Amino acid sequence: MSIIGIGIDIVNSHRFKKLILNYGFKIPKRILSIKELYEYKKISKKYIFLAKRFTAKEAAAKAMGVSIYQNMFLKNCEVIHNLKGKPSLKMFGPVYEKLNKLKIKKIFLSISDTEKYTQSIVVMEN
């Protein structure tokens, strides 16, 4: 196996707090998948949840060499967790097709956050 791409992203989580205050539910609707929106509604620190999802998706897009605004990337990429809480990415629609085209077989995701910053890194292998 070889590495196809690596992506990393970091944001100030309070940026998302301001976006939610200014634009309300419009921001999560642009960034989150349907399942993620359902989770978002139940979370207390919504801005941190949103920052984590955004950085993970942005890092994945960088690893794939595409824009997050291309082919509805944000809504067709989903952060999921296993029973132990380990995050991973699930992709569908045009994003999944791009994964197949790049022959990506394995995706590694790590998300770190503090009260102020959120960072994600994605490594993709064939």
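**Aromatic cluster, helix contact and selected residues**

At 35% relative accessibility, Phe25 counts as partly exposed; buried here stands for under 20% relative accessible area, exposed for over 50%, and partly exposed for anything in between (1.4 Å probe, protein chains only). The model is predicted, so local features need pLDDT of at least 70 and side-chain atom pairs count only at pLDDT 80 or more, while totals for chains, interfaces and linings use all residues. Residues are numbered from 1 along each chain as its sequence is written, and side-chain values use heavy atoms, with hydrogens and water left out.

Phe25 is found in the loop between H1 and H2, where helices (H or I, at least four residues) and strands (E, at least two) are DSSP runs numbered from the N terminus. Setting aside neighbours within four places in sequence, Phe25 is in contact with Leu37, Tyr40 and Lys41, contact being heavy atoms within 4.5 Å. For one of these partners, Leu37, the C-alpha atom is separated from that of Phe25 by 9.6 Å, with the two positions 12 residues apart along the chain.

The search for aromatic pairs covered the whole structure and returned 3 of them. The rings of Phe25 and Tyr40 have centres 6.2 Å apart and planes at 45 degrees, so this pair is tilted. Rings of Phe, Tyr and Trp (its six-membered ring) pair when their centres lie within 6.5 Å, and planes under 30 degrees apart count as stacked, over 60 as edge-to-face and the rest as tilted. The pair links distant parts of the chain, since Phe25 belongs to the loop between helix H1 (13-23) and helix H2 (26-31), whereas Tyr40 belongs to helix H3 (residues 34-42), 15 residues apart.

Tyr40 also pairs with Phe49, again in a tilted arrangement, at 6.1 Å centre to centre and with 50 degrees between the planes. Both Tyr40 and Phe49 are buried, and for Tyr40 the relative accessibility is 3%. Phe25, Tyr40 and Phe49 thus make up one aromatic cluster. A charged residue joins the picture at Tyr40: Lys46 lies over the face of its ring, at 5.1 Å from the ring centre. A charge is taken to sit over a ring if NZ of Lys or CZ of Arg is within 6 Å of the ring centre and within 35 degrees of the ring normal. Arg15 offers a further case, with its charged end over the ring of Phe54, 5.9 Å from the centre.

The next topic is a helix contact. The axes of H1 and helix H4 (residues 46-64) come within 8 Å and cross at roughly 115 degrees; axes are lines fitted to C-alpha atoms, for helices over the stretch in contact, and angles run from 0 to 180 degrees between N-to-C directions. The crossing of H1 with H4 is right-handed, that is, the near helix is turned clockwise from the far one by less than a right angle, with anticlockwise giving the left-handed case. H1 contributes Ser13, His14, Phe16, Lys17 and Ile20, and H4 contributes Lys46, Tyr47, Leu50, Ala51 and Phe54. By class, the residues of this contact divide into 6 nonpolar, 2 polar and 2 charged. In this scheme Ala, Val, Leu, Ile, Met, Phe, Trp, Tyr, Cys and Pro are nonpolar, Asp, Glu, Lys and Arg are charged, and the others, Gly among them, are polar.

Elsewhere in H4 sits Lys62, partly exposed at a relative accessible area of 39%. Not counting residues up to four places away in sequence, Lys62 touches Ile6, Gly7, Ile8 and Asp9. Its C-alpha atom is separated by 17 Å from that of Ser112, 50 residues apart along the chain.

Met91 lies in strand S3 (residues 87-91) and counts as buried at 8% relative accessibility. Beyond neighbours within four places in sequence, Met91 is in contact with Ala60, Met64, Asn76, Cys77, Tyr96, Leu99, Ile107 and Met124. The C-alpha atoms of Met91 and Asn126, 35 residues apart along the chain, are separated by 16 Å.

Lys98 has its place in helix H5 (residues 93-101) and is partly exposed, with a relative accessible area of 28%. Its contacts, leaving aside neighbours within four places in sequence, are Met64 and Val66. Between Lys98 and Val66, 32 residues apart along the chain, the C-alpha separation is 9.3 Å. Lys103 follows in the loop between H5 and strand S4 (106-113) and is exposed, with a relative accessible area of 56%. Phi of Lys103 is near 60 degrees, a positive value in a residue other than glycine.
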